[in-house]
Amino acid sequence: MSSQIMRSLLASCLTLILLLCGCSGLERKAAVPAQSLSKAHIAGLPSVRYLVSTQTGVDALVQDVVALESSRGKNAFDGDANYLALSGGGDDGAFGAGLLVGWTQQGSRPTFNLVTGISTGALIAPFAYLGKEYDPILKEVYTSIKPTDVYIERGILSGIISDGLADSTPLYTLISKYVDANFLKKIAYEYTTNGRWLLVGTTNIDAGQPIIWNMGRIASIGTPEALELFRRIMLASASIPGAFPPVMFDFLVDEQVFQEMHVDGGASTQVFLYPAAAAVKANELGIKRRAKRQVYIIRNSRLDPRWNETERRTLSVAGRAISQLIQTQGIGDLYRIYNTAQSDNVGFNLAYIGSDFNEPHTEEFDTKYMNALYQYGYEHAIKGYPWSKYPPGFKGAYDADGEKMQMKKIQ
């Protein structure tokens, strides 16, 4: 659930903490050993995640895709396919929510065969996956929430000796309000019957690896434990390291209990589609692919960095640099997806917050700001959103002044 402002403030706070003291951490179970990551599993919930930075993880993902499609009969791979990738961005997720609702009203929003989400995108993804029926919830959440609906600030001392500067219990409560057993049944149906995929990304901070969770499979298990896991994955994907507590998951390795510590998926990537290696593996195996495929990427952020006069102080400089690093990482992720799409014959479509949006942003989860941004996304979509066909700076995606072409349709 990252944003430039929160991360900049977080960097300053964490740097100060490191300078002032060295405190012992809270107790936890031993982390899953590096050599056991691929065989570790949650009790009663096997094979629900992929370590996509490894070939074993990629192979498992491809095998599951083939198995699910094969179970649906000979026509499973027929027809066109549309994919949706939702990025992180904190309260800038109001842009994606508004765009999706406006897209519904405009009349051309497709049913997505695959939906992926990171951070605030992970909070939007399950509702986008289930379609227009859940548009009112997207609007309600991204136009009415306030900071106290997301976190409770801890005192500076409490934050130092704990595992986050804020308590994210309100966010978990908000997730649980909408994600219940009936909600999971609907996701399970779409996964098992229609072969549609819902993937959410987190970061295993122990292993330093991105993790992709198969939310459709989790939903199809249908137990109370599966519902709890589903909610906690959404929370983990939005848990900014240091700002919010990490989410701990118990894993079994040869019947021995270990723990994995998971944080914001944005610590690994700002947005994802599927591993390029998965497409390569599918081609090597001669797996049939759908004839016409399109990916729609909603970047809940700007492409142009906001100007900000930086104080000549160590913490200000460090915080601003980290913010810029995250911005650059997000641009790199768009190029990675573009390259994957090009090599896999998938059409590329990108939406983002344009430089013409300049509503003041006074605090995180500022209701006035979110309403304005939601309306901005909605109005652009209802007119027919001008999806960019290239990542920024590619093949003249920008005009000479670097701004005018940003919201124009690129043929």
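**Figure 1. Tryptophan 387 and its ring partner, tyrosine 296.** In this predicted model, tryptophan 387 is buried, with a relative accessibility of just 9%. Tyrosine 296 is buried too, at 14%. The two rings make an edge-to-face pair, with 5.1 Å between the centres and 70 degrees between the planes. This pair ties together distant parts of the chain: tyrosine 296 belongs to strand S10 (residues 293-302), while tryptophan 387 sits in the segment after helix H13 (367-382), 91 residues away. Zoom out a little and there's a cluster, with ring pairs joining Trp103, Phe112, Tyr296, Tyr385 and Trp387. The aromatic pairs number 21 in total.

**Figure 2. Two tyrosines of helix H13.** Here we're looking at tyrosine 374 and tyrosine 378, four residues apart in helix H13 and so separated by about one helical turn. As a reminder, an α-helix has 3.6 residues a turn, so residues three or four places apart point the same way. The ring centres of tyrosine 374 and tyrosine 378 are 6.4 Å apart and the planes are at 15 degrees, so this pair is stacked. Both tyrosines are buried.

**Figure 3. Arginines over aromatic rings.** Two spots are worth a look here. In one of them, arginine 196 lies over the face of tyrosine 129, 4.2 Å from the ring centre. In the other, the charged end of arginine 232 sits over the ring of phenylalanine 249, at 5.2 Å from its centre.

**Figure 4. The buried face of helix H11.** Helix H11 covers residues 276-284, and its Ala278, Ala279 and Ala282 are buried. Looking down the axis of H11, you'd find its buried residues within an arc of 100 degrees, so they line one face of the helix. What do they pack against? The buried residues of H11 have helix H2 (55-70) as their packing partner. Just past the end of H11 comes glycine 286, which takes a positive phi of about 70 degrees.

**Figure 5. The largest cavity and its lining.** Searching the whole structure turns up three cavities of 30 Å³ or more. The largest has a volume of about 450 Å³. It is lined by 21 residues, and those closest to its centre are Val65, Tyr83, Trp197, Tyr274 and Arg289. Helices H2 and H11 and strand S6 (197-204) are the elements that each give two or more residues to this lining. H2 gives the most, with five residues. So H2 turns up in two of these views: here in the cavity lining, and in the previous one as the helix that the buried residues of H11 pack against.

**Figure 6. Serine 220 and its surroundings.** Serine 220 is found in helix H9 (residues 215-221). Is this serine buried, exposed or partly exposed? With a relative accessible area of 33%, serine 220 is partly exposed. Leaving aside residues up to four places away in sequence, serine 220 touches Ala188, Tyr191 and Thr192. The C-alpha atom of serine 220 is also 7.6 Å from that of isoleucine 187, which is 33 residues away along the chain.

**Figure 7. The whole chain, for context.** Pulling back, the chain's secondary structure consists of 13 helices and eleven strands. Of its 411 residues, 55% are buried. Among contacts with a separation of 6 or more, 77% are between residues 24 or more positions apart.

Conventions:
Residues are numbered from 1 along each chain as its sequence is written. This is a predicted model: local features need pLDDT of at least 70, side-chain atom pairs count only at pLDDT 80 or more; totals for chains, interfaces and linings use all residues. Side-chain values use heavy atoms; hydrogens and water are left out. Rings of Phe, Tyr and Trp (its six-membered ring) pair if their centres lie within 6.5 Å; planes under 30 degrees apart count as stacked, over 60 as edge-to-face and the rest as tilted. Buried means under 20% relative accessible area, exposed over 50%, partly exposed in between (1.4 Å probe, protein chains only). A charge sits over a ring if NZ of Lys or CZ of Arg is within 6 Å of the ring centre and within 35 degrees of the ring normal. The arc is that of the directions from the helix axis to the C-beta atoms. Contact means heavy atoms within 4.5 Å. On a 1 Å grid over the protein atoms alone, a cavity is a set of points where a 1.4 Å probe fits but cannot get out, and a pocket is an open set with protein on both sides within 12 Å along at least five of seven lines; lining residues have an atom within 4 Å of a point. Grid points are joined across faces, edges and corners, and a volume is the space filled by probe spheres set on the points.
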